[in-house]
Amino acid sequence: MKLSVHSETGRLTSVIVHTPGHEVSLVNPELKDQLLFDDIIFEEDARREHLYMLKIFKTAMPEEGTIYEIGDLFLECFAQEEARSFFIRDLIGRLSEMNLHTIEKELLQLSPDALLQFVIEGATPAIRGFAMSPSPNLLFTRDLAAVVGDNLLLSRPAKKPRLREAILMETLAKYHPLFAGIRDNIIQIGKQESIEGGDVLVVSDRLVLIGMSERTSFSGLMKATEQLLKNGIEQVLAVDIPKQRSSMHLDTIFTFCAEDECLVFPPAITERKENVVALSRSSNGSVVTESMPSLQKALEHYLKRDLTFIPCGGEERTNQFREQWTDGANVFALAPGIIVGYERNTNTFRELKKHGYRLMNQYEFVEEFEDDTFIPGNEKIAIKFMGHELCRGRGGARCMTLPIARDN
Ligand SMILES: NC(=O)NCCC[C@H](N)C(=O)O
């Protein structure tokens, strides 16, 4: 299968997700902040909510479309001894403070299942007396990498608790057959820099947005940009956003609903000026910069079309802040104008309705289209799904998805 993503909204054909498992039940109140969760979450409900989200995806995707559970991909990958030893070596080296070298032999002898359990849950009965904290953020597969055009940009997380996920992703990219066709186009940045997938938005086959955020450093952004500009992308728009937990990635305050419509958190997007720099390649190969007046102006300039920015939470200030916090601006497009987001963001959905979206809840959408092939047409649909547990991890629908193929 060819992995390629040339837009944020092209019809979704393949996506990688992780339905939360026992690891989320291992987060205790004392650990939650350190593990980047805002609350403890109830595993059963979180799973139920996630599985329903996947049901919506399945209903909206073409018949030949595939949803990959990342855990299955890891197990297939770990079936290769070489992949396991690459992974274990990298883990020992990059988590040096954990002293994993003391159990290297045991790690190398683990079955794929036990190794995966050790990594995700932090411990396995197969290795007694050694435990790390769990990796509950694997739920947010978005942040592990980004398929940009025909390239695979691997994340280098800014936050330690997400490092194990990044090492897992790198192993998949290097060893799993799913990535064979894109393996020559892997983009990686240096060890001292950071970039996370939630900051990367693929606007078109030529244009990419990268947030300069709490998680993506300036040097990480520049390194990724240099390589993207060599590999087919014409412009990268660097978007400076507030460096704070509530808007940790660009996609927490800005997502595409359709080719010409975006959901935005006004205080950090429309009310900010001079926070965008366009980066492109000059004829001698160096990166040239041009300061842009605003994100909307920059996008309209390069896309040569008008865009509508829809305020997350509507016009009321309090609702904008409340619904951005619960990922109102973090919707995921299954096709142009077909989006999913948390039901609880009622003011955001009301605003979408004003912009011509038909609102459907998860059951209505599945019931109406489950038996027929869903064919995205002229009608715009905003699908509301329940995510009261999921949203305590501080991420929404876009954060929980890593699209690897979309139709152009
Ligand atoms: N793209 C995203 O915004 N992902 C959400 C990540 C949430 C996770 N708890 C984190 O803090 O990294």
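**Reading strands, helices and phi**

Trainee: Let me start small: which residue in E4 is the bridge partner of Ala145?

Mentor: Leu154 is the bridge partner of Ala145 in E4. The labels are DSSP runs numbered from the N terminus, helices being H or I runs of at least four residues and strands E runs of at least two. Before we go on: this is a predicted model, where local features need pLDDT of at least 70, side-chain atom pairs count only at pLDDT 80 or more, and totals for chains, interfaces and linings use all residues. Residue numbers start from 1 along each chain as its sequence is written.

Trainee: And how do I read the pairing around that bridge?

Mentor: Strands of a sheet pair through backbone hydrogen bonds, in a parallel or an antiparallel way. Two strands count as paired if DSSP finds at least two bridges between them. Here E3 and E4 (residues 151-154) are antiparallel, with 4 bridges. They belong to an open sheet of 3 strands, ordered E3-E4-E5, with mixed pairing. E3 (145-148) and E5 (186-187) are its edge strands, each pairing on one side only.

Trainee: Which helix lies across E3, E4 and E5?

Mentor: That's H6, which runs at about 155° to E4. Axes are lines fitted to C-alpha atoms (for helices, over the stretch in contact), and angles between N-to-C directions go from 0 to 180 degrees. H6 (residues 163-175) also meets H3 (residues 81-94): their axes come within 10 Å and cross at roughly 150°.

Trainee: How are H3 and H6 oriented to each other?

Mentor: Under 35 degrees is roughly parallel, over 145 roughly antiparallel, 65 to 115 roughly perpendicular, and the rest oblique. H3 and H6 are therefore roughly antiparallel. On the H3 side the contact includes Phe86, Phe87 and Leu91, and on the H6 side Leu163, Ile167 and Tyr175 are among the residues involved; contact means C-beta atoms, placed from the backbone, within 7 Å.

Trainee: Is E1 mostly covered or mostly open?

Mentor: Covered: 5 of the 6 residues in E1 (residues 12-17) are buried. Buried means 20 or more other C-beta atoms within 10 Å, exposed means 12 or fewer, and partly exposed is in between, with C-beta atoms placed from the backbone. E1 runs antiparallel to E18 (residues 402-406), joined by 4 bridges, and Leu12 stands opposite Arg406 there. E1 is also joined to E2 (residues 66-69) by 4 bridges, this time parallel, with Val17 and Glu69 as bridge partners.

Trainee: What about the hairpin of E14 and E15?

Mentor: E14 (residues 332-335) and E15 (residues 338-342) run antiparallel, joined by 3 bridges. Phe332 stands opposite Val340. There are 2 residues between the strands, and Gly337 in the turn has a positive phi of about 80°.

Trainee: What should I make of a positive phi elsewhere?

Mentor: Most residues other than glycine have a negative phi. Leu36 goes the other way, with phi near 65°, in the loop between E1 and H1 (43-60). Lys304 has a positive phi too, near 55°, and sits in the loop between H8 (295-303) and E13.

Trainee: How exposed are Leu36 and Lys304?

Mentor: Leu36 has 19 C-beta neighbours inside 10 Å, so Leu36 counts as partly exposed. Lys304 is exposed, because 6 other C-beta atoms lie within 10 Å.

Key
Contact = placed C-beta atoms within 7 Å.
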